Amino acid sequence: GWNNSFDGLVNITAGISDPSYNYVTVDGRKHYGILVTIPATGGDGVVAAQSGSIADVNFYDIEILGPYCTVSKPCTYSANGFDIISASGTVANMVISDSYIHGVSEAFRAKSCNNVVVEHTTIADTADDGTSHGDVIYSYPSTNVSFGYDNIYNTLQHGIRYIMRYLRLL
């Protein structure tokens with residue numbers, strides 16, 4: 001039978017991980033329907049592609065709440081929103097949409113990405129976490145990455161650090 005709690009907020013404290021799967025969609029189904037809380041020690045809200053290439057992976061309606069670490073109150077490990085760095089492959093055809101990332105050091109860390117879209121997402125309250133320097137967006141060897149209709153506010157460190165080519169801001 002149906003229970004109203006089935007339509008409630010999904011709370012995740014261990015983060016979301018996609019080590020090497022293709023054709024995956026993680027969807028909160030309603031505005032910020034999934035809440036990922038990063039512990040005070042740090043960690044990643046969403047981590048993908050650690051074990052190899054991934055393709056056609058999408059994330060919608062996810063809120064990532066960081067531990068709000070600072071240099072004077074450092075995390076044990078860096079606190080990142082989306083960490084999509086493939087050590088041995090590529091990330092292709094990814095959409096991150098309608099999400100909210102706050103209280104982290106780096107909202108997006110990306111490497112070896114192609115055809116990635118980040119849209120209708122809010123990034124707020126980013127700060128140097130005492131473990132790594134902070135960037136709102138840190139992306140290197142990536143192509144065809146687009147950020148559109150996003151809100152970024154209350155950040156004191158680097159904004160967009162992009163190494164290579166084909167970054168579009170809409």
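This is a short talk about the strands, the nonpolar core and a few single residues of one protein chain.

Good morning, everyone. Before anything else, please keep in mind that what we have on the screen is a predicted model. The mean pLDDT of the protein chain is 86, and 91% of its residues reach 70 or more. The confidence varies between the elements, however: strand 7, residues 62-65, has the highest mean pLDDT, at 98, while strand 17, residues 167-169, has the lowest, at 54.

Let me start with the sheets. Strands of a sheet pair through backbone hydrogen bonds, and they can do so either parallel or antiparallel. In our model there is an open sheet of six strands with parallel pairing, and the order across it is 1-4-7-10-13-15. Which strands stand at the edges? They are strand 1, residues 10-12, and strand 15, and each has a single partner strand, so one side of each is left without a neighbour in the sheet. From one strand to the next, the twist averages 10 degrees. Within this order, strand 7 and strand 10, residues 100-102, pair in the parallel sense over three bridges, and if you look at Leu-65 you will find that its bridge partner in strand 10 is His-102.

Other strands pair in the parallel sense as well, and I would like to follow two chains of partners. For one of them, begin at strand 2, residues 16-18, which pairs with strand 5, residues 43-48, over three bridges; here Ile-16 has Val-46 as its bridge partner. Strand 5 is in turn joined to strand 8 by four bridges, again running parallel, and Val-47 is matched with Asp-83.

For the other, begin at strand 6, which is joined to strand 9 by six bridges, the two running parallel. Strand 9 also runs parallel to strand 12, residues 113-119, and six bridges join that pair too, with Val-91 bridged to Cys-113. Strand 9 itself, residues 91-97, is mostly covered, since five of its seven residues are buried.

A residue that helps us to picture this region is Tyr-60, which has its place in strand 6, residues 54-60, and stands opposite Ser-97 in strand 9. Is Tyr-60 buried or exposed? The careful reply is that Tyr-60 is partly exposed, because its relative accessible area is 23%, and the limit for calling a residue buried is under 20%. Leaving aside neighbours within four places in sequence, Tyr-60 is in contact with several residues, among them Thr-25, Val-26, Val-95 and Ser-99. Lys-30 lies 30 residues from Tyr-60 in sequence, and yet their C-alpha atoms are 8.8 Å apart in space.

We can compare that with Thr-122, in strand 13, residues 122-126. Thr-122 counts as buried because its relative accessibility is 13%. Beyond the neighbours within four places in sequence, its contacts include Tyr-32, Tyr-100, Ile-101 and Tyr-153.

Now let us turn to the core. In soluble globular proteins, nonpolar side chains tend to be buried together. The largest nonpolar core in this model has 34 residues, of which Phe-59, Met-94 and Phe-108 touch the most other members. Strand 14, residues 135-148, gives the largest share of this core, namely four residues.

Phe-108 deserves a little more of our time. The structure holds four aromatic pairs, and one of them is formed by Phe-82 and Phe-108, which are stacked, with 5.4 Å from centre to centre and 15 degrees between the planes. Why does this pair tie together parts that are apart in sequence? Phe-82 lies in strand 8, residues 79-85, and Phe-108 in strand 11, residues 106-111, so the parts that the pair ties together are 26 residues apart in sequence. Both of these residues are buried, and together with Phe-59 and Phe-147 they form one aromatic cluster. Apart from neighbours within four places in sequence, Phe-108 is also in contact with residues including Ile-96, Val-118, Ile-123 and Val-136.

I will finish with two backbone details. Ala-49 is not a glycine, and still it has a positive phi of about 70 degrees; Ala-49 lies in the loop between strand 5 and strand 6, and at 0% relative accessibility it counts as buried. Asn-154 likewise has a positive phi, of about 55 degrees, although it is not a glycine, and Asn-154 is found in strand 15, residues 151-155. Thank you for listening.

Conventions:
Residues numbered from 1 in each chain as written. Predicted model: local features only at pLDDT ≥ 70, side-chain atom pairs only at ≥ 80, totals over all residues. Heavy atoms only, no water. Buried < 20%, exposed > 50% of the residue type's maximum accessible area, 1.4 Å probe, protein only. Contact = heavy atoms within 4.5 Å. Phe/Tyr/Trp six-rings, centres within 6.5 Å; stacked < 30°, edge-to-face > 60°. Core = buried A, V, L, I, M, F, W, Y, C linked by side-chain atoms within 4.5 Å. Pairing = 2+ DSSP bridges. pLDDT = per-residue confidence, 0-100. Axes fitted to C-alpha atoms, helices over the stretch in contact; angles between N-to-C directions.
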